[in-house]
Amino acid sequence: MLIDAHCHLDFEAFDDDREAMFDRARAAGVGHFMVPGTTRERWPDVLALGRRDDVHVSLGLHPYFMHEHGEGDVEALAQMLDDHPEVRALGECGIDARFEKTLDDQWELFNVQLRLAKARHLPVVIHCVHANDKVSKRLRQLDLPAGGLIHAFAGSPDQAWKFLDLGFVVGLGGAVTYQRAQRLWRTVKSLPEDGFVLETDSPDMPLCGYQGQRNEPARIVQVCEMVATLRGETTEAVAAQSTATVKRVFGLPDA
């Protein structure tokens, strides 16, 4: 069984065929889904999905949506984490350095969320774009007890190992399917078997050959095949490694 370690199945892109999407995923061998929260407005939809037997969730405030975050959101997040023990992690949170105008506010919001996670011994799901070195430095300073996931990792082997040494794992998705991703390919080959998880970031991060199309969890099978090819392993071995690591990081039951 494959687990999609990061997919936004609450997004409106799936409103017209969400159950059919789940059916396609199951038919492809994807049996479980980790759905992160991105804004306060979307948390109820995320929690609703979390009532499914095959979905677990996290809640956070995403740096891409800084314009949607408002006063009281951090306090609301803290309360939600306390009121919903089924939430497996804090996130998606992090830093996206492409958006320079909001960067100072991003760091402030990120730091607050990291402290919430540390106080509650929760793993953290981190969005990190063009900021691997700065984010790993901050994580080292805070010494988070439960590690987490560096989602959609696209950095160098050295950057990946800095995160691994801090108790985090890296998420591998559609980016690995592109010929231009030579640095990422080197990283994939360098990772230990318990250092990565497979994800799609659906409906985003389309795979090579699907540019411009909505992504969905069934396509994690192709991500798995590419990672297996790069590592010289079988797809069954890579799937088993990823599934075991997702369960470990987020404390999922074996059943």
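**Entry 1: helix 4 and its end**

A helix here is a DSSP run of H or I with at least four residues, and the numbering starts from the N terminus. Note to self before going on: this model is predicted.

I started with helix 4, which covers residues 103-120 and so counts 18 residues under that helix rule. I looked up its reach from first C-alpha to last and got 26 Å, close to the 26 Å expected at 1.5 Å a residue. What comes after helix 4? It is His121, and its phi is positive, near 55°.

Next I wanted the buried side of helix 4. I wrote down Gln106, Trp107, Leu109, Phe110, Asn111, Gln113, Leu114, Leu116 and Ala117 as its buried residues. What do those buried residues pack against? I found two helices, helix 3 (73-83) and helix 5 (132-142), plus strand 4 (89-96) and strand 5 (124-129).

**Entry 2: the nonpolar cores**

General reminder from class: in soluble globular proteins, nonpolar side chains tend to be buried together.

I checked the largest nonpolar core and it has 68 residues. Which of them touch the most other members? They are Val135, Leu172 and Leu198. I followed up on Val135, skipping neighbours within four places in sequence, and noted contacts with Ile95, Trp107, Phe110, Ile126, Cys128 and Phe163. Trp107 and Phe110 were already in my notes as buried residues of helix 4. There is also a second, separate core of 12 residues, with Met34, Leu149, Val169 and Val249 among them.

**Entry 3: pockets**

I looked for empty space next. The largest pocket comes out at about 980 Å³. I counted 36 residues in its lining, and those nearest its centre are Arg98, His127, Val129, Ala152 and Met205. Strand 5 and helix 7 (182-190) are the elements that give two or more residues to this lining. How does the lining divide by type? I have 15 nonpolar, 12 polar and 9 charged.

The second largest pocket is about 160 Å³. I listed its lining as Met66, His69, Gly70, Glu71, Gly72, Asp73, Val74, Glu75 and Leu109. Leu109 is on my list of buried helix 4 residues too. Helix 3 gives the largest share, 3 residues. The split here is 3 nonpolar, 3 polar and 3 charged.

**Entry 4: one cavity**

How many cavities of 30 Å³ or more does the structure hold? I found 1, and the largest cavity has a volume of about 30 Å³. Around it I noted Ala5, His6, Met34, Val35, Pro36, Ser58, Val125 and Phe250. Strand 2 (residues 30-36) gives the most to this lining, with 3 residues. By type, the lining has 6 nonpolar, 2 polar and no charged residues. Met34 rang a bell: I had it down in the second core as well.

**Entry 5: two threonines**

Thr187 sits in helix 7. Buried or exposed? Buried means under 20% relative accessible area, so Thr187 at 0% counts as buried. Beyond four places in sequence, I have Thr187 in contact with Phe153, Gly155, Ser156, Pro157 and Ala160.

Thr243 is in helix 9 (residues 235-250). Why does Thr243 count as buried? Because its relative accessibility is 8%, and the cut-off is under 20%. Again leaving out neighbours within four places in sequence, I noted that Thr243 is in contact with Met1, Leu2 and Ile3.

Key. Residues are numbered from 1 along each chain as its sequence is written. This is a predicted model: local features need pLDDT of at least 70, side-chain atom pairs count only at pLDDT 80 or more; totals for chains, interfaces and linings use all residues. Side-chain values use heavy atoms; hydrogens and water are left out. A nonpolar core is a set of buried Ala, Val, Leu, Ile, Met, Phe, Trp, Tyr and Cys residues joined through side-chain atoms within 4.5 Å. Buried means under 20% relative accessible area, exposed over 50%, partly exposed in between (1.4 Å probe, protein chains only). Contact means heavy atoms within 4.5 Å. The expected span of a helix is 1.5 Å times one less than its number of residues. On a 1 Å grid over the protein atoms alone, a cavity is a set of points where a 1.4 Å probe fits but cannot get out, and a pocket is an open set with protein on both sides within 12 Å along at least five of seven lines; lining residues have an atom within 4 Å of a point. Grid points are joined across faces, edges and corners, and a volume is the space filled by probe spheres set on the points. Ala, Val, Leu, Ile, Met, Phe, Trp, Tyr, Cys and Pro count as nonpolar, Asp, Glu, Lys and Arg as charged, and the others, Gly among them, as polar.
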